[in-house]
Amino acid sequence: MGTESISGIETSVPSSIVQFHMLDQLRALARANSLWPMTFGLACCAIEMMSAGAARFDLSRFGAEVFRPSPRQADLMIVAGTVNKKMLEPVKILYDQMTEPKWVIAMGNCAISGGPFKFKGQYNVIEGVDSFLPVDVYVPGCPPRPEALIEGILELEEKITGTRRWPRVKPETAVKG
Amino acid sequence: MTLLAQSQLQETFELNIGPQHPATHGVLRVKVIMDGEYIVKAEPVLGYIHRMHEKMGENRTWNQFWPNLGRLDYLSAIAYNHGYAGLLERAMGIEVPERAEYIRVITVELNRLQSHLLWFGAFILDLGGFTPLMYAFDEREQILDLLESVTGSRLTYCYFRFGGVYNDVDDDFITGTRAFIKRLRPQIPMYHDLVTKNVILMERLVDIGHISADMCRKYGATGPVLRGSGVNFDIRKNEPYSVYPELDFDVPVYHECDSMARYMVRMDEMEQSMRIIEQALDKMPDGPVKAEKAPKILKPPKGDYHFAVEAARGTFSMRTVSDATNTSYRMRLRSPTYSNLSLFEEASRGMLLSDALAFMGSLDLVIPEMDR
Amino acid sequence: MLASEGLPPQKEVVEEVQAAEEGEVDPKAKKKEEEKPRENGLLETDYAKRGFHLDVQVNPDQVVRSAEILDSEGMTMEMVTGVDWLKDGQFEIVYDYSFTGGELFRVVVRCRVDREKPDVPTISEVFGGANWHERETWELFGINFVGHPQLERFLLPDDCDYYPLRKDFKL
Ligand code: SF4
């Protein structure tokens, strides 16, 4: 029961026949509100990911605190850190092991573009995980603050459900507050 | 291997831990040959986060290399800053103003506290207790706030400069730090009540993971691992740098050589760090925080230079070969956990697998620092 | 703990061996030997300037012996470093030793090998910790540590065929 096929049928079928649109929305809402990220700390950014999940930032306010060490139980891969050539294969395998539906957040400049380790003649770092993974949300920073990661997760929720659940904080108010 | 007769070897099997495994704290992989529940041979495999720091040292100018120091051991990054600053100050003969040295010591020790707190939480998490992590992170966030107010970043600090520090501390930082120490001090006995005397923890740590002092010496293990094996060695005392000689602190040493000893060393070190910070705050003189005559473009005279500091995990030392240009000819970074882990293969022989993971936690590994 | 008493004999031991094996002790100023690869021998260095007390250059075949001497003095091997001296056509291997029993005393042992045939005996028999360091140096420079139990890829992927820290390395 893939979402795509149903929404594809939707346009061509008369409205009287049973539709799953509401059900799909419900499912999307459920998924978005309980993302299970994989504990996938690679480098420095992983510590900020831990901070996001621990006291003070408390990711569980947004239902995404259930960090799973096993890819088979997770549906969100947060690539937090540098991926190098040796790590490339394991990352691919981990992604393949995750069950559908699954999403990817590239956290930190390293995961986005190679970050500070990109220089002419470099021999070991993969310059951006989007070269081999379908990345849904990019969270820039070196490392991104935990708030930024939380915002990234909210962005992902918006991508899944189509609506934003939490008000967007304007930078000006954030500075004052 | 020698322990087992050939016939028994037939019954062993190979187990692969990592590179994605929560107990390895990052992307370490351990190839284990098991005989039932017991380890015959455990061989760590590194390189899953090798980030070419040494190569970058060769093709960036001395000043451009600063950010890398924040990303080696991101948990005690300021100590690494100190190592690099000290190295070039030694090579160039730069005098550092006293206030700057005090600020350095205060921030390094705050950073060490933060690192040990995180280790405490994560280590107990490895052993199955979740609550201490929350306590530890609560305190840790306070430190990060303080450090952020002077350095501008939360984790990957790039705060020191050759001949001083980037930014002076203000009164808010000083009062905030004092208040924080007051807050943290009663927490440590609370941690002991909460965790240390717990029977399960004792069962898993006491007499497990024996490392003798001689093994430490052969493998070059330093830091809490060495001090947990009964050797009173701390670069801050034995090869004094900065203003550490003027401060009064003890080096906790435990002679049991087991995981518990290493645990206790770190817990006691937190108290000592607090003592150092308090004294440094009292003694800190007024004055500039950057050497006035520090050159903008650095060209250290030809030759080798070496500088070592005590980071949270042990001796971090840098060796550079300069050819009197504005880049290094060769930059060698000696990371403490690299040496600390290299004894894992020998020390874990014959251990239960679950004990080995607790033992690995007691070594306090930071993988990106190991792979460099 | 007995550092101050322990140190002087240590120096002498090394010196004796040098004198015996090498027949020369090089007390000349540093200036000279920096132009060319320096002669084998022993230098006392200014700690405040360099960060180590004693700087010894030996032949490759004396590396193990030097490790044994320093081992018997209770010193620790800290790191093994390779340096590529492209213009001299040589690799330099630098061993850092320190004394962790008391007040710190640092000894640097270095040796030079031909770039074409970079063979140097392993000291991993003496110091177990040298195993990883040598393996890493082999991997990044291609310096062959003769007798090393496991010269395999360590930090880099198994299939890579370059030595990235050589000065003439280009991807
Ligand atoms: S983006 Fe920065 S903080 Fe994150 S892993 Fe890379 S270097 Fe570390």
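**Ligand shell and a three-stranded sheet**

Sorted by class, the residues around the ligand come out as eight nonpolar, four polar and two charged. This is a predicted model, and the ligand in it lies between chains A and B. The other thing to look at is an open sheet of three strands in chain B.

**Around the ligand**

- The ligand's home is the second largest cavity.
- Helix 3 (44-53) and helix 5 (108-113) of chain A are the elements that each put two or more residues into the shell around the ligand.
- Helix 5 of chain A is the top contributor to that shell, giving three residues.
- There are 14 residues around the ligand, and the ones that come nearest are A:Cys44, A:Cys45, A:Asn109, A:Cys110 and A:Cys142.

**The sheet in chain B**

- The strand order is 1-2-3, with antiparallel pairing.
- Strand 1 (13-17) and strand 3 (38-45) of chain B sit at the edges with a single partner strand each, so each has one side with no neighbour in the sheet.
- On average, and ignoring direction, neighbouring strands here are turned by 20° against each other.
- Five bridges link strand 1 of chain B to strand 2 (residues 29-35) of chain B, in the antiparallel sense.
- Looking for a register point? B:Asn16 is opposite B:Lys31, which belongs to strand 2 of chain B.

**The helix across the sheet**

- Helix 16 (residues 353-362) of chain B lies across strand 1, strand 2 and strand 3 of chain B.
- Relative to strand 1 of chain B, helix 16 of chain B runs at about 35°.

Key:
Residues are numbered from 1 along each chain as its sequence is written. Chains are lettered from A and ligands numbered from 1 in the order in which they are written. This is a predicted model: local features need pLDDT of at least 70, side-chain atom pairs count only at pLDDT 80 or more; totals for chains, interfaces and linings use all residues. Side-chain values use heavy atoms; hydrogens and water are left out. Two strands pair if DSSP finds at least two bridges between them. Helices (H or I, at least four residues) and strands (E, at least two) are DSSP runs, numbered from the N terminus. Axes are lines fitted to C-alpha atoms, for helices over the stretch in contact, and angles run from 0 to 180 degrees between N-to-C directions. Contact means heavy atoms within 4.5 Å. A residue is near a molecule or strand if one of its heavy atoms lies within 4 Å of it. On a 1 Å grid over the protein atoms alone, a cavity is a set of points where a 1.4 Å probe fits but cannot get out, and a pocket is an open set with protein on both sides within 12 Å along at least five of seven lines; lining residues have an atom within 4 Å of a point. A molecule sits in a cavity or pocket if more than half of its atoms lie within 2 Å of its grid points. Ala, Val, Leu, Ile, Met, Phe, Trp, Tyr, Cys and Pro count as nonpolar, Asp, Glu, Lys and Arg as charged, and the others, Gly among them, as polar.
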